[in-house]
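This briefing is meant to be read with the sequence and the model side by side. Please follow each point on the structure as you go.

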Amino acid sequence: SGTGLLKLLGIPAIALAATRSLSAAALIGLSANAVNQLDTRPGRALKAFLLGACVLRGPAQAYAVGAVVLLPYDLREMAMLGDGGSNLLGAVLGFGSVERFTGTRRLALIAGLGALTALGETRSLGALTERTPLVSSLDRLGRRPA
C-alpha cells in the first residue's frame with residue numbers, strides 16, 4: 001500500500017537525516033516496524049514498548065508515561081494505537097537503541113530485528129505469541145476475554 005511504502009522509506013529517511021548514520025537509520029526503521037508488527041491485538045504493542053523502554057531507560061521512558069496512560073484504553077478497545085502510534089513508539093525505541101548500542105551490538109540488534117521482520121512477513125507473530133505460554137499469559141493480561 002501507499003502508506004506502507006511511505007513508512008518503509010520515510011521512517012529510515014528521517015532517521016538517516018537525524019543521525020547521519022546508515023546503521024542508525026536501519027535500527028530505527030526496523031524498530032518501528034517491529035512494534036507495528038506486534039500491534040495486532042489490544043495492548044500488545046504498548047506492552048512491548050513499555051518493556052523496551054524499561055530496558056533502554058533514558059529518553060524512551062519519557063514516552064512510557066503516555067503509553068501507561070493509553071494502555072487501559074487500548075486493552076479495553078476504547079481507543080486504538082494504530083499504525084501511526086505503533087510506528088512512532090517503535091521509532092522512539094530505535095532512537096533510544098542508537099544512543100545505547102554501537103558497533104557489533106548495534107549490528108546484532110539490526111540482525112535480530114531483521115530476522116523478526118522476516119519472520120513476521122512469513123508467519124504470524126500473533127500466532128507465535130499465543131503458542132508460547134508465558135508470552136501468551138503476559139499478552140492477555142488486562143485484555144477483555146475473547
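**Overall architecture**

The protein is built from eight helices and has zero strands, so that the pattern read along the sequence is α-α-α-α-α-α-α-α. The model is a predicted one. The radius of gyration is 15 Å, close to the 15 Å that the globule rule gives for 146 residues, and the protein is therefore as compact as a globular protein of that length.

**Dimensions, contacts and surface**

- Along its principal axes, the C-alpha trace of the protein spans about 45 × 35 × 30 Å.
- Of the 146 residues in the protein, 40% count as buried.
- When contacts with a separation of 6 or more are considered, 71% of them are accounted for by residues that stand 24 or more positions apart in the sequence.
- The surface that the protein exposes comes to about 8,500 Å², and carbon and sulfur atoms supply 67% of that area.
- Among the side chains of the protein, 15 are positive and 8 are negative, and the centres of these two sets lie 6 Å apart.

**Salt bridges**

- The structure holds four salt bridges, and among them are the pairs described in the points below, which involve Arg41, Arg44 and Asp139.
- Arg41 forms a salt bridge with Glu130, and the closest N and O atoms of this pair are 3.7 Å apart. The pair links distant parts of the chain, since Arg41 sits in the loop between helix 2 (22-38) and helix 3 (44-56), while Glu130 belongs to helix 7 (residues 125-131), 89 residues apart.
- How buried or exposed are the two partners of that pair? Arg41 has a relative accessible area of 39% and counts as partly exposed because this value falls between the 20% and 50% limits. Glu130, with a relative accessible area of 40%, is likewise partly exposed.
- Arg44 forms a salt bridge with Glu130 as well, with the closest N and O atoms 3.5 Å apart. This pair, too, links distant parts of the chain, with Arg44 in helix 3 and Glu130 in helix 7, 86 residues apart.
- Arg44 has a relative accessible area of 5%, and it is classed as buried because that value is under 20%.
- Asp139 forms a salt bridge with Arg143, in which the closest N and O atoms are 2.8 Å apart, and both Asp139 and Arg143 are buried. Salt bridges that share partners join Arg41, Arg44, Glu130, Asp139 and Arg143 into one network.

**Backbone angles in two loops**

- Most residues other than glycine have a negative phi, and this is the background for the two residues that follow.
- Which residue in the loop between helix 1 (2-19) and helix 2 is described here? The residue is Arg20, whose phi is near 55°, a positive value in a residue other than glycine.
- Arg20 has a relative accessible area of 74%, and it counts as exposed because this value is over 50%.
- Glu77 is placed in the loop between helix 4 (60-75) and helix 5 (82-100), and its phi is near 60°, which is again a positive value in a residue other than glycine.

Terms used: Residues numbered from 1 in each chain as written. Predicted model: local features only at pLDDT ≥ 70, side-chain atom pairs only at ≥ 80, totals over all residues. Heavy atoms only, no water. Salt bridge = Lys/Arg side-chain N within 4 Å of Asp/Glu carboxyl O. Helix = DSSP H or I, 4+ residues; strand = E, 2+ residues; numbered from the N terminus. Buried < 20%, exposed > 50% of the residue type's maximum accessible area, 1.4 Å probe, protein only. Rg over C-alpha atoms; globule rule 2.2 N^0.38 Å. Contact = heavy atoms within 4.5 Å. Areas by Shrake-Rupley, 256 points an atom, 1.4 Å probe, with all protein chains shown as cover. Lys, Arg positive; Asp, Glu negative; His and termini not counted. Charge placed at Lys NZ, Arg CZ, Asp CG, Glu CD.
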